[in-house]
Amino acid sequence: MKERMNYGYLMRHISYHLHTFVRRYTAEFDYAESFCGRMQFEDIFSSEELMGYFTSRADFSLECPVLLSFNGQFLSAFVPGDEYHLIIGPVRLSEEVYLRHQADAGTADEAWLKTVPVCSFKELSGDVLLAFNLCREVSLDEVGLLAENCIRKETDDELRAHFSELVFENREHGRRHNPYDQELREGAAVEQGDLKQLETAIKEDFLGEYGTLAKNPIRHTRNIGIVVVTLASRAAIRGGVPYEIAYTLSDSTIQKLEECSDIPTLFHIFRSAEFTYAQMVKDLNEQKAGMSGKDKNPHINRCKDYIFSHLHDKICVQDIADELGLNANYLSELFHQCEKISLTDFIRREKMNLVKNLLIYSRYSCSEIAAYLGFSSQSHMGKQFRECMGMTPNQYRREYGVREFDV
């Protein structure tokens, strides 16, 4: 037995939500009933006249709701159903939306227009889809509603044509974008909380460019900033920054970009956001490792100074202990207590950071890098690198390395 739809409740729900009329018609398009919670509100169309605007159209269909604009001043929505059809409206939209379906109904009285309720497109489309999908086995989503009502049929062809033209123009004038691997390095620096690496990646020089994101130079720079901040926010989330914090910084930065009309300041705003994201990841990493830097044991600071100044050499714990005048076992235990990482793992990690930098920015072969950094062999370096990065040095270089040394 087929379940009956409670149309009365549905009509009241939509009417109270949008503050307008909801009319019900039979499957043969005959008027059945209407409801409007606003007792003093009147429509300029009769129920029969309103349905006539929809059914008289050459493109009239029962496959999808129709949003019909009257003179670009207000609109009503036709929602087809199996047993009954609904018409919701009139309403005015709070934002500008292109509607494919247009009707000429003469100029509406200004006094009446002021009484027509205003809603967002999302509110209207939500109620239209609710009414449409309640009696359908296959649901229609907002994308489908937009495709049938708000997107010009020529749009896809125009997009493809513009893309082809731009590809031709770029080739004709020798234009090209910055390499993708530079973007990877920039994102990886944020994700790892590596401020020095981020600074190096941003300063890289290439013959390419960002691409033209708008004809207006200020709008173009703003759009670059939006792209950079969006990518940086996602990299920071991958690095452990809570998504709510990352998204909020993104929102705040983009709002500031929209308010600014000075190109140098625009660059400053979005680059500052990038470094803020990287600093957030760095702080999180230090917290996890117990490396706040406060009340640091002086032996630990001297130990680190020795390591950083001898990264190109083979470093032994005993050599550090001898330099500091400490017992090697005591130094190892003290370092682990303060840093929450073993001394040997810390040395290995810092060496791997240097290996990564050389793989990205130098022409040195893996065997030369291994010898340069004091590894006993290339295979020894490769084994430690795989344990640390989950890929071989050659794989890492192919993924992130600069490919344009000779350009």
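Q: Are Lys304 and Glu339 buried or exposed?
A: In this predicted model, the side chains of Lys304 and Glu339 meet in a salt bridge, with 3.3 Å from N to O. The pair links distant parts of the chain, since Lys304 belongs to helix H12 (residues 298–309) and Glu339 to helix H14 (residues 328–339), 35 residues apart. As for their accessibility, both Lys304 and Glu339 are buried.

Q: Which residues are joined into one network by salt bridges that share partners?
A: Side chains of opposite charge can pair when their charged atoms come close. The structure holds 13 salt bridges. Where such bridges share partners, they join into one network Glu186, Arg271 and Glu274.

Q: How many residues apart in sequence are the parts that Glu142 and Lys122 tie together?
A: The side chains of Glu142 and Lys122 form a salt bridge of 3.9 Å, N to O. Glu142 lies in helix H5 (residues 142–149) and Lys122 in helix H4, so the parts tied together are separated in sequence by 20 residues.

Q: Does Lys122 count as buried or exposed?
A: A residue is called exposed when its relative accessible area is over 50%. The relative accessibility of Lys122 is 60%, so Lys122 counts as exposed.

Q: What is the relative accessibility of Arg24?
A: Arg24 meets Glu33 in a salt bridge between their side chains, 2.3 Å from N to O. Glu33 is partly exposed, with a relative accessible area of 29%. Arg24, in contrast, counts as buried, because its relative accessibility is 15%.

Q: Which residue has a backbone oxygen 2.7 Å from a polar atom of the side chain of Tyr25?
A: Tyr25 is placed in strand E1 (residues 22–26), and Tyr25 is buried, with a relative accessible area of 0%. Leaving aside residues up to four places away in sequence, Tyr25 touches several others, including Asp30, Ser47, Leu50 and Tyr84. The backbone oxygen that lies 2.7 Å from a polar atom of the Tyr25 side chain belongs to Ser47.

Q: Which element gives the most to the largest nonpolar core?
A: Nonpolar side chains tend to be buried together in soluble globular proteins. In the largest nonpolar core, which has 26 residues, Leu86, Ile88, Leu124 and Val128 touch the most other members. Helix H1 (7–18), strand E4 (74–79), strand E5 (84–93) and helix H4 (121–133) each supply at least two residues of this core. The most, six residues, comes from H4.

Q: What arc do Pro393, Tyr396 and Tyr400 cover around the axis of H18?
A: An α-helix has 3.6 residues a turn, so residues three or four places apart point the same way. In helix H18 (residues 393–400), Pro393, Tyr396 and Tyr400 are buried. They lie on the same side of H18 because the arc they cover around the axis is only 60°.

Q: Which helices do the buried residues of H18 pack against?
A: The buried residues of H18 include Tyr396. The packing partners of these buried residues are helix H7 (180–192), helix H15 (343–361), helix H16 (366–372) and helix H17 (378–389).

Q: Which residues does Ser233 touch, not counting residues up to four places away in sequence?
A: Ser233 is found in helix H9 (residues 217–238). Its relative accessibility is 0%, so Ser233 counts as buried. With residues up to four places away in sequence not counted, Ser233 touches Ala246, Ser250 and Tyr277.

Methods: Residues are numbered from 1 along each chain as its sequence is written. This is a predicted model: local features need pLDDT of at least 70, side-chain atom pairs count only at pLDDT 80 or more; totals for chains, interfaces and linings use all residues. Side-chain values use heavy atoms; hydrogens and water are left out. Helices (H or I, at least four residues) and strands (E, at least two) are DSSP runs, numbered from the N terminus. Buried means under 20% relative accessible area, exposed over 50%, partly exposed in between (1.4 Å probe, protein chains only). Contact means heavy atoms within 4.5 Å. A polar contact is a pair of N or O atoms within 3.5 Å; within protein, one must be able to donate a hydrogen and the other to accept it, and residues adjacent in sequence count only if both atoms are side-chain atoms. A nonpolar core is a set of buried Ala, Val, Leu, Ile, Met, Phe, Trp, Tyr and Cys residues joined through side-chain atoms within 4.5 Å. The arc is that of the directions from the helix axis to the C-beta atoms. A salt bridge is a side-chain nitrogen of Lys or Arg within 4 Å of a carboxyl oxygen of Asp or Glu.
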